[in-house]
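Hi everyone, thanks for coming. I'd like to walk you through a structure today, so let's bring it up on the screen.

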Protein chains: 2
Amino acid sequence: MIDQREYPIETVIHVLGGKWKPIILWHLMDSDKRFSDLEKLIPGVSSKMLAQHLRNLQQAGIIERTVYPTVPPKVEYSLSEYGKTLIPVAEVMCDWGEGHNERKRDEPAS
Amino acid sequence: MIDQREYPIETVIHVLGGKWKPIILWHLMDSDKRFSDLEKLIPGVSSKMLAQHLRNLQQAGIIERTVYPTVPPKVEYSLSEYGKTLIPVAEVMCDWGEGHNERKRDEPAS
DNA sequence: CTGGATCCGTCAAGATACTG
DNA sequence: CAGTATCTTGACGGATCCAG
């Protein structure tokens, strides 16, 4: 993965660019989640992709991974303090996204 | 390209998701640009990818394509009125991206 | 000048099976 | 429960050639 970004806006796309990363973030912004919780909440994601994207987000410092060494393994993912700075960004993006989706329905042809 | 997005935040990623789309938008937010202008401004992009992404953005209603039927063909791309609503979104994203890049330099290991 | 068409390499994503 | 390993597929991106 090339890391030669000249413009900061590319950084955000890089961090959120995966197919499932925005959805993962969205759910973690709501509350902490376990691995299986996320699997249930995100229909269509495979455990492989989920683990891979979670790892990416963790390496980016956006989420934290907490392992509870209990008999049934339990791992919780949560937004890091730093990751929480993404919330306002996500809200702005969501806001625009909603408008965009509505617009596509209202104006089929310009 | 799948278009089954359940969350608005995915829409934004979808619209900006290409490798060059954020940069294209960034330049068009500054001022209108011709095809060849963008090619010069974005080192490394091929005409194919530029045309492809420009078409995507146009179909998304974010940019407008104006053809001047002159002897040497001239085509100008500009942000649509609707596309301008993306500017504040881009600014927020840029702002966060800058902080993220600085953070990576300051904190090599958590 | 502004692209479209085509071929090809690369890499992310999906499916499946297996492990601690 | 929470992943990893491996294989396959398909989209994305690059290079080149061609056309209005």
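One term before we start: when I say polar contact, I mean a pair of N or O atoms within 3.5 Å. With that in hand, look at A:Y77, where an N or O atom in the side chain is 2.6 Å from a phosphate oxygen of DNA strand D. Please keep in mind that this is a predicted model.

Let's stay with strand D for a moment. Which residues come nearest to it? There are 20 residues around DNA strand D, and the nearest are A:S36, A:R65, A:Y77, B:K19 and B:K48. You'll notice that this list draws on chain A and chain B. A:V75 reaches a phosphate oxygen of strand D through a polar backbone atom, at 3.2 Å. From chain B, a polar side-chain atom of B:H53 lies 3.3 Å from a phosphate oxygen of this strand. As for elements, α3 (35–41), α4 and β3 (74–79) of chain A, along with α4 of chain B, each give two or more residues to the surface near strand D. The largest share there is 4 residues, and it comes from α4(A). By type, that surface has 9 nonpolar, 4 polar and 7 charged residues. And on the DNA side, 65% of the strand D atoms within 4 Å of the protein belong to sugar or phosphate, with the rest in bases.

Now over to strand C. Here 18 residues surround the DNA, and A:K19, A:K48, B:R55, B:R65 and B:Y77 come nearest. Sugar and phosphate make up 69% of the strand C atoms that come within 4 Å of the protein. Let me point out three phosphate contacts. In B:R55, a side-chain N or O atom is 2.3 Å from a phosphate oxygen of strand C. A:W20 places a polar side-chain atom 3.0 Å from a phosphate oxygen, and A:H53 does so at 3.1 Å. The elements giving at least two residues each to this surface include α4 (47–59) of chain A and, from chain B, α3 (35–41), α4 (47–59) and β3 (74–79). The split by type near strand C is 9 nonpolar, 3 polar and 6 charged.

So much for the DNA; how do the two protein chains meet? In chain B, 39 residues are in contact with 39 residues of chain A. About 3,500 Å² is buried between the chains, and carbon and sulfur atoms give 72% of that area. On the chain B side, B:I9, B:Y82 and B:W96 lose the most area to chain A, together 22% of what that side buries.

What about charges and polar groups? The rule finds 0 salt bridges across this interface, while 6 residue pairs are in polar contact. On chain B, the elements that give two or more residues to the side touching chain A are α1 (8–16), α2 (21–30) and α5 (86–106). The largest share, 14 residues, comes from α5(B). That side of chain B divides into 22 nonpolar, 9 polar and 8 charged residues.

Last, how are the two copies related? A turn of 179° with a shift of 0.0 Å along the axis lays chain B on chain A with an RMSD of 0.2 Å. That is the relation of a two-fold axis. The same surface serves both copies, with 97% of the contact residues of chain B recurring in chain A.

Thanks, and I'm happy to take questions!

Note on methods. Residues numbered from 1 in each chain as written. Chains lettered and ligands numbered in written order. Predicted model: local features only at pLDDT ≥ 70, side-chain atom pairs only at ≥ 80, totals over all residues. Heavy atoms only, no water. Near = heavy atom within 4 Å. Polar contact = N/O pair within 3.5 Å; in protein donor to acceptor, adjacent residues only side chain to side chain. Nonpolar A, V, L, I, M, F, W, Y, C, P; charged D, E, K, R; others polar. Contact = heavy atoms within 4.5 Å. Buried area = accessible area lost by both parts, 1.4 Å probe. Salt bridge = Lys/Arg side-chain N within 4 Å of Asp/Glu carboxyl O. Least-squares fit on C-alpha atoms with pLDDT ≥ 70 in both.
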